[in-house]
Amino acid sequence: MKDSIKTKERLISEIKELRDSLEKQISERKRVENALSESEGKYRKLIETANDAIFIADAETGIILDVNRQAEEMMNMPAEEIIGMHQKQLHPEDETGEYKKIFNEHVQSENGISEEVVVCRKDGHKIPVEISASVIEWSGKKVVQGIFRDITGRKRIEDALSQSKEHMQYILDNTTSVIYVKDTNGRYILVNRQYQNLFHISKEEAIGKTDYDVFPKEMADAFQVNDRKVLRTKTPLEIEEVALLEDGPHTYISIKFPLFDSNGIACGICGTSTDITERKKAEKILQEQKEALEQKNIALSEVLGQIEIEKKQIKDNVITNAENLLLPIIQKLKLTGESRKYVQLLQMNLQELTSSFGTKLTEKGAKLTSREIEVCNMIKNGLTSKEIAGLLNISLRTVETHRIKIRSKLGIVNKDLNLSSFLKTL
């Protein structure tokens with residue numbers, strides 16, 4: 001009887017322990033389920049609030065199992081239509097083979113892969129995206145989680161920058177000057193077509209190289225000295241540089257100036273060079289011609305000086321001969337009447353034989369006739385109109401007419417000037 005009671009108590013105790021254990025298991029299961037539910041809620045919240053599109057695909061089949069709201073917007077389709085699609089249907093149909101290969105690489109990768117691909121919507125619109133993919137456990141399955149970032153804006157900026165760079169290169173290539181850009185270590189970052197043509201080197205051969213890789217050491221040393229000066233002073237530098245080329249030395253006017261980054265730190269040098277070799281040759285020729293002309297001017301001045309000396313000598317000789325030879329003879333002539341007046345006139349003209357009266361009278365541009373010049377000579381020597389009329393055998397009225405024309409042609413009409421006095425000033 002006692003044994004039966006002990007056995008019953010033992011069974012009751014075991015049942016109680018079993019019930020407590022079962023309750024603990026149920027409680028733990030509920031806790032796990034709640035934690036899992038909470039975790040799934042957090043996960044769902046995370047993917048739904050993500051700024052990028054998220055696609056989860058079965059690692060074995062490639063079937064899409066889940067997507068977020070951003071994925072719906074990217075594909076312009078509801079989640080119900082996207083879930084169940086094959087991952088290759090996200091991409092251009094004519095590139096399915098390539099995208100299948102990419103998906104397999106994602107499955108096999110342990111660290112995840114990031115690359116640029118194209119997503120194709122149902123309406124045919126293509127969107128450039130950057131995928132960051134990794135393999136994870138999801139509801140007991142091995143899945144590939146792909147985060148798709150729309151890079152349309154970035155691509156547009158990159159294309160604009162690329163186009164801008166092409167435009168800038170086109171402008172640089174079509175200038176007449178040699179243009180280049182170096183970093184602070186003297187390595188070429190950019191060269192234009194004129195640089196390539198001048199030094200017979202391609203862009204690919206120049207970029208990343210220094211002057212010492214391209215030019216003879218003498219040239220490179222000179223270029224580097226100027227570069228260091230620009231970087232040290234941080235101001236533009238205009239200098240003459242000489243390039244030793246196959247056809248001989250070429251002289252260039254080079255303007256070098258520093259380039260600065262956003263913090264105001266010098267990060268490179270830009271240089272523009274203009275070939276002035278032909279100009280220097282022309283300047284040399286002009287200088288030689290100038291020096292030759294100066295020598296000729298000196299010689300001409302000496303010749304003109306000698307001519308003036310000879311002219312004075314001739315003038316002195318004429319005056320001396322007229323005074324010593326002709327005037328004594330004329331003075332001995334015993335003429336009367338009108339002939340005497342001609343002799344007196346001849347005597348006065350001989351005395352003024354070397355004067356500039358006749359030359360100045362013709363240089364006036366008055367276009368006097370020979371008769372008017374003859375009358376001017378008589379008026380200048382003090383003859384009256386009556387005397388002139390008698391000597392020239394013309395009427396007094398004709399003499400007065402000549403006087404009027406002479407005054408008109410000499411520009412002294414209506415001026416209070418004595419014609420004889422005016423003529424003596426010539």
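Modeller: Before we start, a patch here is made of residues with over 30% relative accessible area and no salt bridge, and nonpolar side chains are joined within 5 Å. Keep in mind, too, that this is a predicted model.

Biologist: Okay, so which residues make the nonpolar surface patch of about 330 Å²?

Modeller: Let's begin with L300, which is found in helix α10, residues 277–332. Its relative accessible area is 44%, so L300 is partly exposed and clears the 30% that a patch member needs. The patch is made by L300, V303, L304 and I307.

Biologist: Let's step back to the whole protein. How many helices and strands are there?

Modeller: The chain has 426 residues, and 31% of them count as buried. The accessible surface comes to about 28,400 Å², with 53% of that belonging to carbon and sulfur atoms. As for the elements, the protein has 16 helices and 10 strands.

Biologist: Which strands stand at the edges of the open sheet formed by 5 strands?

Modeller: Follow the order across the sheet, β2-β1-β5-β4-β3, with antiparallel pairing. An edge strand has a single partner, so one side of it is left without a neighbour in the sheet. Those strands are β2 (64–67) and β3 (113–120).

Biologist: And over how many bridges do β1 and β5 pair?

Modeller: β1 covers residues 53–58 and β5 covers residues 141–150, and they run in the antiparallel sense. One of the pairs to look for is D58 with its bridge partner V143 in β5. The count for the two strands is 6 bridges.

Biologist: Which strands does helix α5 lie across?

Modeller: Helix α4 (residues 96–108) packs on this sheet too, touching β1, β3, β4 and β5. Helix α5 spans residues 152–173 and runs at about 135 degrees to β4. The strands α5 lies across are β3, β4 and β5.

Biologist: How far apart in sequence are K155 and E116, the two parts of a salt bridge?

Modeller: Their side chains meet at 3.0 Å, N to O. K155 is partly exposed at 26% relative accessible area, and E116 is partly exposed at 41%. K155 lies in helix α5 and E116 in strand β3, so the pair ties together parts whose separation in sequence is 39 residues.

Biologist: Which residues are linked with those two in a network of salt bridges?

Modeller: The salt bridges in the protein come to 16. K155 and E116 both belong to the network. Linked with them are E130, R154 and E158.

Biologist: Now K182 and D211, which form a salt bridge: are they buried or exposed?

Modeller: The closest N and O atoms of this pair are 2.7 Å apart, and it links strand β6 (residues 178–183) with helix α8 (residues 211–214). Buried means under 20% relative accessible area. K182 has 1%, so K182 is buried. D211 has 0%, so D211 is also buried.

Biologist: One last thing: what is the phi of N76?

Modeller: Most residues other than glycine have a negative phi. N76 sits in the loop between α2 (69–75) and α3 (79–82), and with a relative accessible area of 56% N76 is exposed. Its phi is positive, near 55 degrees.

Terms used. Residues numbered from 1 in each chain as written. Predicted model: local features only at pLDDT ≥ 70, side-chain atom pairs only at ≥ 80, totals over all residues. Heavy atoms only, no water. Pairing = 2+ DSSP bridges. Helix = DSSP H or I, 4+ residues; strand = E, 2+ residues; numbered from the N terminus. Contact = heavy atoms within 4.5 Å. Axes fitted to C-alpha atoms, helices over the stretch in contact; angles between N-to-C directions. Patch = residues over 30% accessible without salt bridge, like charges linked within 9 Å, V, L, I, M, F, W, Y side chains within 5 Å. Areas by Shrake-Rupley, 256 points an atom, 1.4 Å probe, with all protein chains shown as cover. Salt bridge = Lys/Arg side-chain N within 4 Å of Asp/Glu carboxyl O. Buried < 20%, exposed > 50% of the residue type's maximum accessible area, 1.4 Å probe, protein only.
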